[in-house]
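Student: I should like to go through the terms used for this structure and see what justifies each of them. May we take them one at a time?

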Amino acid sequence: MKLIHYLTAVCTAATTAIAPATTHAQSEPPQLGHAPTAAVVKAMTLEEKIRLVVGTGMRFAGKGPIIGEADGRVPGAAGNTMNIDRLGIPATVYADGPAGVRIDPIRHGDSSKTYYATAWPVGTLLASSWDTALVKSVGTAFGSEIKDYGVDFILGPGMNIQRNPLNGRNFEYYSEDPLVSGFMAASIVNGIQSQGVGTSIKHFAANNQESNRNSVNAIISERALREIYLRGFEIAVKHAQPWTVMSSYNKINGTYTSENADLLTAILRDEWAFKGFVMTDWFGGHDRAAQVRAGNDLLMPGGQNQMDAILTALKNGSLDSADLDRNVERILNIIVKTPSFHKYVFSSHPDLKAHAAVARKAAAEGMILLQNNASTLPLQKAGILALFGNASYATIMGGTGSGEVHSGYTISIAQGLQNAGFRIITPLAGQYQQYIQADQAAHPKKTPLTLGKPRMTPEYVPADNAIATAINSADEVIYTLGRNAGEGADRTITGDFNLTDTEQTLIGKLAQACHARGKKIIVVLNIGGPVEIASWKDKVDAILLAWQPGEQAGNVVADILSGAVNPSGKLAVTFPVKYEDEPSAKDFPGTPGDRPTESVYREGVYVGYRYFSTFHVKPAFPFGFGLSYTQFRYSPVQLSTTTFQNHLTAKITVTNTGKVAGREIVQLYLHAPSGSLDKPAEELKGFAKTRLLRPGESQTINFSLDPQALASFHTNASAWIAEAGKYKVMIGASSEAIKATADFTLPKDLTVEKVHKVLAPQTPIDELRP
Ligand code: BGC
């Protein structure tokens, strides 16, 4: 029997059986926000409860989903929950995503107005700023825009670990390191939620690939889960209390995350004290009753079959109604905070101009200068530039899928440089633009939501004489390499991580032509994740990693190339020499073939720099690396004690010894003694970015280490334990450029935290060991 029919029958029967029906009808039912939530839950019918824990659905047309739904309040939003007017429960609105409010920019029957949103720099760029205050300020502006567009919850930030460079959604995520990921997420959540709207940290957890993401079983040791894949979420929950968490599609060690009470209740709520509610990813998981039971409070986007399944489980006793009530109460406890509950009158008029300025500043802080031979940059004057590479003209602001934003415009690199007073060689620009326009016209975007590997316009190759003419008349030459990826597909090694033959040949040719004429060539990387650089970096003079910088892209590239802004970003992900050097290369994306059912995380905790530094594999550019137009000197490090009791501080002074003002990102790594457990050569335990230091100016930074910073996860004891012995503090300008070290000892083993024995793999994993 379908839910509605059954419920009508049950409710009618119940009303007749439970006297006095008249009193019921006459008294005002408890109102959300006025009566205790528990009383509201008690007053709800079974139908109302089920309708609240299942979203209101999603429209479909043809093959692709039409984003936007339900009461139509915010067309293009990803989902809604049901309103129950008699109890004062409003409908609430959920929209993607991590890099901006993804809603329909044009509305049918409303030609008077557009609804474009700010495209912020992608997560990977924000993390490269290492600046938590800056990321919070992005969150604050972002939050006000979310609210102004009538949205209650933004479906972000994305914060999965960048385990492997081929993950198609890495651009949405922050880092290969959980400390960076956790504090970036906490900062943006704090910023967004300061505006009275909610966030959804996602995808909880271990959603580190797109290949068969909906059902792949990620097989991970308890230690790697605790130290790497859960740690960032733990930091975000403890430091920001996001209103919601989105469970992921995949399984971990045999169980769908959305059906896993150990993950969603024992860890998330009991250990970390999460106070909000958990929602599924869209159509995620399988067993609806198991989801409700596990504490996956809301099923999104919602559908009749989910409601039916919950009802059946309640009827046959496999689901306890107390579990349903608990989930309902958690959702209501958050709904009372929403703008919808407060009947906020939204303007649909965010201050896009002010937000563009915030986006520009943020992007400038996260771009990374990777190479700058013979001080090629900053450019000495606003001269004449020859711009090569499609992405110089069709600059990529962000990735695709639910992480895409309809911003209305992207400032291309060509445009940005012209805005800054540079002149660009127009015949060359004309050729590129004509070629790109023709390609785009031949391959129009079919749906607003691109799923799968996005199609890129094949790289244009100007004729040899056009190259020569352009370089002859230019002061400098720029080549922009573009990459895009997104939800629904992972990247490939050939032609994506590795450059195509066309790109390799073009870089070689341009470099040769430039150097033959005594001119310099600068490569701008407009990418969302690592590419191979080692084979061509010696051919070019400078490399700027611009990432996918959001709508202000070109203006920001110009800010850095011109020297208006001194670059201060550093890598939050390692760039390997070759893909095969990645610790997960052999196991990604799992087996068998293209639709892997299993993905074994054999590298254990040795992810990113933890692997490269412990196993002495030289990367192309190490974690934490980034150049500046100035230089910094580090003082020796001073520890508050050499015997750790409960706390220790490490103090260091950084001085700008160069000629221009700049900011430095200072990193504290710790090497812990291997007692009963192997330990990485170094692990990031603190980071700080100096203020803008003028030449000669210094800043002292105090890092603080608590017992948790010393501890590793001991599986047999199900505990975080700091082992007795000698610890080395390493203060670095990157994970490889250690500037100052100091030792301290921990006299006795310290059990820092005992946790639940949960999430064990079904069979032991033969993990990588040093
Ligand atoms: C994505 C989520 C997104 C949701 C709603 C899913 O396909 O994985 O990140 O928030 O769709 O659009």
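Tutor: The turns below set values against definitions, and the model they concern is a predicted one.

Student: What makes Glu664 and Lys570 a salt bridge?

Tutor: The side chains of Glu664 and Lys570 meet at 3.1 Å, N to O. The cut-off between a side-chain nitrogen of Lys or Arg and a carboxyl oxygen of Asp or Glu is 4 Å, so the pair qualifies. The count between domain 2 and domain 3 is 3 salt bridges.

Student: Which residues do domain 2 and domain 3 cover?

Tutor: The domain assignment gives 362-599 for domain 2 and 630-754 for domain 3. Their centres, taken over C-alpha atoms, are separated by 35 Å. The contact takes 5 residues from domain 2 and 11 residues from domain 3.

Student: How is the size of such an interface expressed?

Tutor: It is often given as the accessible area lost when the parts come together. Between domain 2 and domain 3 the buried area is about 530 Å², and carbon and sulfur atoms give 37% of it. On the side of domain 2, Asn566, Ser568 and Lys570 lose the most area to domain 3, together 83% of what that side buries.

Student: What is the make-up of the side of domain 2 that touches domain 3?

Tutor: Its residues divide into no nonpolar, 3 polar and 2 charged. Across this interface, 7 residue pairs are in polar contact.

Student: Why does the approach of His203 to the ligand count as a polar contact?

Tutor: A polar side-chain atom of His203 lies 2.7 Å from an oxygen atom of the ligand. The limit for a pair of N or O atoms is 3.5 Å, and therefore the approach of His203 counts. Lys202 meets that limit with a polar side-chain atom 2.8 Å from a ligand oxygen. For Tyr249, an N or O atom of the side chain is 3.1 Å from an oxygen atom of the ligand.

Student: How much of the ligand does the protein cover?

Tutor: On its own the ligand has 310 Å² of accessible area, and the protein covers 94% of this.

Student: Which residues around the ligand come nearest?

Tutor: Of the 14 residues around the ligand, these are Asp96, Arg169, His203, Asp281 and Glu487. The shell divides into 5 nonpolar, 2 polar and 7 charged residues.

How values were computed: Residues numbered from 1 in each chain as written. Predicted model: local features only at pLDDT ≥ 70, side-chain atom pairs only at ≥ 80, totals over all residues. Heavy atoms only, no water. Domains from an automatic or database assignment. Contact = heavy atoms within 4.5 Å. Buried area = accessible area lost by both parts, 1.4 Å probe. Polar contact = N/O pair within 3.5 Å; in protein donor to acceptor, adjacent residues only side chain to side chain. Nonpolar A, V, L, I, M, F, W, Y, C, P; charged D, E, K, R; others polar. Near = heavy atom within 4 Å. Areas by Shrake-Rupley, 256 points an atom, 1.4 Å probe, with all protein chains shown as cover.
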